[in-house]
Amino acid sequence: MSYQSTLNEYLQVIVGKKLEKLNLACEMMMFSFEDYAFHALGLTRIIQDNDILVTTLDYQNWDRENDENNDESYFVKKHRDKIEGGVVISVTPLYDVEIVMDNGIKIELFVKNGYNHFDDENEQWVFFRQDDHAHPFISVWSKSVDIETNW
C-alpha cells in the first residue's frame with residue numbers, strides 16, 4: 001500500500017468529527033477534532049468564503065514587545081467562533097492536506113519546501129489520536145512521511 005493510500009485511510013477518521021479547539025504555539029496551529037489532533041508546523045491557513053482569515057505567517061507581524069501581540073493570535077481570537085465547532089465533511093491528504101468543514105471553513109496545511117539548502121528536512125505536520133498509542137502517529141516532513149505504529 002502506498003503512503004498516500006495509508007495517509008488517506010488514517011486521516012478519514014476525522015470525517016464527521018467536530019473541530020473542538022484551535023490552539024496556537026508560536027507559528028504552530030494545533031487542531032483538536034474530538035479525540036484526534038493535527039499539529040501544523042508548516043504554512044497553514046484557514047479560509048472562509050474565499051477569504052483568508054488567518055495563516056501561520058501572520059505570527060511574523062507583531063508589536064516587537066510581547067510575543068502574544070501578533071496578527072496570528074489576533075485573527076484567531078477574532079474568528080474563533082467561526083472556526084471552531086465545524087464538522088469535517090472531507091479531508092484530502094497528499095503531503096499537503098485540505099480539510100473542509102460544514103461551517104464553510106477550509107483548513108489548508110502546506111509542505112513548505114521539498115528540498116532544503118541550509119538545513120535538514122523539517123517536520124511539516126503531525127496527526128495522532130490523543131491519549132491512544134494504538135493509533136499510528138503520522139509525521140509528514142519536507143520529503144518523507146513517517147507512520148509510527150508503536151509509539
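In this predicted model, Asp35 comes out as partly exposed, with a relative accessibility of 25%. That makes Asp35 a handy place to start, since its side chain forms a salt bridge with Lys17, the closest N and O atoms being 3.9 Å apart. Asp35 sits in the loop between strand 2 and strand 3, while Lys17 sits in the loop between helix 1 (3-11) and strand 1, so the pair ties together parts that are 18 residues apart in sequence. The pair also belongs to something wider: salt bridges with shared partners join Lys17, Glu34, Asp35, Arg129 and Asp132 into one network.

From these loops the view moves to the strands. An open sheet is built from 6 strands in the order 1-2-3-9-10-11, with antiparallel pairing. At its edges lie strand 1 (19-25) and strand 11 (145-148), each of which pairs on one side only. From one strand to the next, the twist averages 10°. Helix 2 (residues 71-83) packs on this sheet, where it touches strand 1 and strand 2 (28-33), and the direction of helix 2 makes about 180° with that of strand 1.

At the strand 1 end of the sheet, strand 1 and strand 2 run antiparallel and are joined by 6 bridges. The two make a hairpin with 2 residues between them, and Cys26 in the turn has a positive phi of about 55°. Ala25 has Met28 in strand 2 as its bridge partner. Further along the strand order, strand 3 (residues 36-40) pairs with strand 9 (residues 123-129) in the antiparallel sense, over 5 bridges. Here Tyr36 stands opposite Arg129 of strand 9, and Arg129 is also one of the residues in the salt-bridge network described above.

Strands 3 and 9 are also linked through their rings. Aromatic pairs number 7 in the structure. In one of them, Tyr36 and Phe127 have ring centres 5.8 Å apart and planes at 5°, so the pair is stacked. Tyr36 belongs to strand 3 and Phe127 to strand 9, so this pair ties together parts that are 91 residues apart in sequence. Both residues are tucked away from the surface: Tyr36 is buried with a relative accessible area of 6%, and Phe127 is buried at 0% relative accessibility. Phe38 and Trp125 form another aromatic pair, this one tilted, at 5.3 Å centre to centre and 55° between the planes. With Phe38 in strand 3 and Trp125 in strand 9, the pair ties together parts that are 87 residues apart in sequence. Phe38 is buried at 0% relative accessibility, and Trp125 is likewise buried at 0%. Ring pairs gather Phe31, Phe33, Tyr36, Phe38, Trp125 and Phe127 into a cluster.

Several of these names come up again in the nonpolar interior. Nonpolar side chains tend to be buried together in soluble globular proteins. The largest nonpolar core here has 31 residues, and those with the most contacts inside it are Phe31, Phe33, Phe38, Ile46, Ile99, Ile107 and Trp125. Ile99 gives an idea of the surroundings: apart from neighbours within four places in sequence, its contacts include Phe33, Phe38, Val88, Ile105 and Ile107.

Another set of strands involves strand 8 (residues 105-109). Of the 5 residues in strand 8, 4 are buried, so the strand is largely enclosed by the rest of the structure. Strand 8 pairs with strand 4 in the antiparallel sense over 5 bridges, and 4 bridges join strand 8 to strand 7 (residues 97-101), again antiparallel. Lys106 takes part in both pairings: Ile47 stands opposite Lys106, and so does Val100. The hairpin of strand 7 and strand 8 has 3 residues between the strands, with Gly104 taking a positive phi near 85°.

Gly104 is also among the residues touched by Gln48, along with Leu53, Lys82, Asn103 and Ile105, leaving out residues up to four places away in sequence. Gln48 lies in strand 4 (residues 44-48) and is buried at 16% relative accessibility.

Finally, back to charge. Salt bridges come to 8 in total. In one of them, the side chains of Lys106 and Glu98 meet at 3.8 Å, N to O. Lys106 is partly exposed at 27% relative accessibility, and Glu98 is partly exposed at 29%. Another joins Glu84 to Arg80, with the closest N and O atoms 2.8 Å apart. In that pair Glu84 counts as buried at 19% relative accessibility, whereas Arg80 is partly exposed at 23%.

Definitions and conventions:
Residues are numbered from 1 along each chain as its sequence is written. This is a predicted model: local features need pLDDT of at least 70, side-chain atom pairs count only at pLDDT 80 or more; totals for chains, interfaces and linings use all residues. Side-chain values use heavy atoms; hydrogens and water are left out. Two strands pair if DSSP finds at least two bridges between them. Axes are lines fitted to C-alpha atoms, for helices over the stretch in contact, and angles run from 0 to 180 degrees between N-to-C directions. Contact means heavy atoms within 4.5 Å. A nonpolar core is a set of buried Ala, Val, Leu, Ile, Met, Phe, Trp, Tyr and Cys residues joined through side-chain atoms within 4.5 Å. Buried means under 20% relative accessible area, exposed over 50%, partly exposed in between (1.4 Å probe, protein chains only). Rings of Phe, Tyr and Trp (its six-membered ring) pair if their centres lie within 6.5 Å; planes under 30 degrees apart count as stacked, over 60 as edge-to-face and the rest as tilted. A salt bridge is a side-chain nitrogen of Lys or Arg within 4 Å of a carboxyl oxygen of Asp or Glu.
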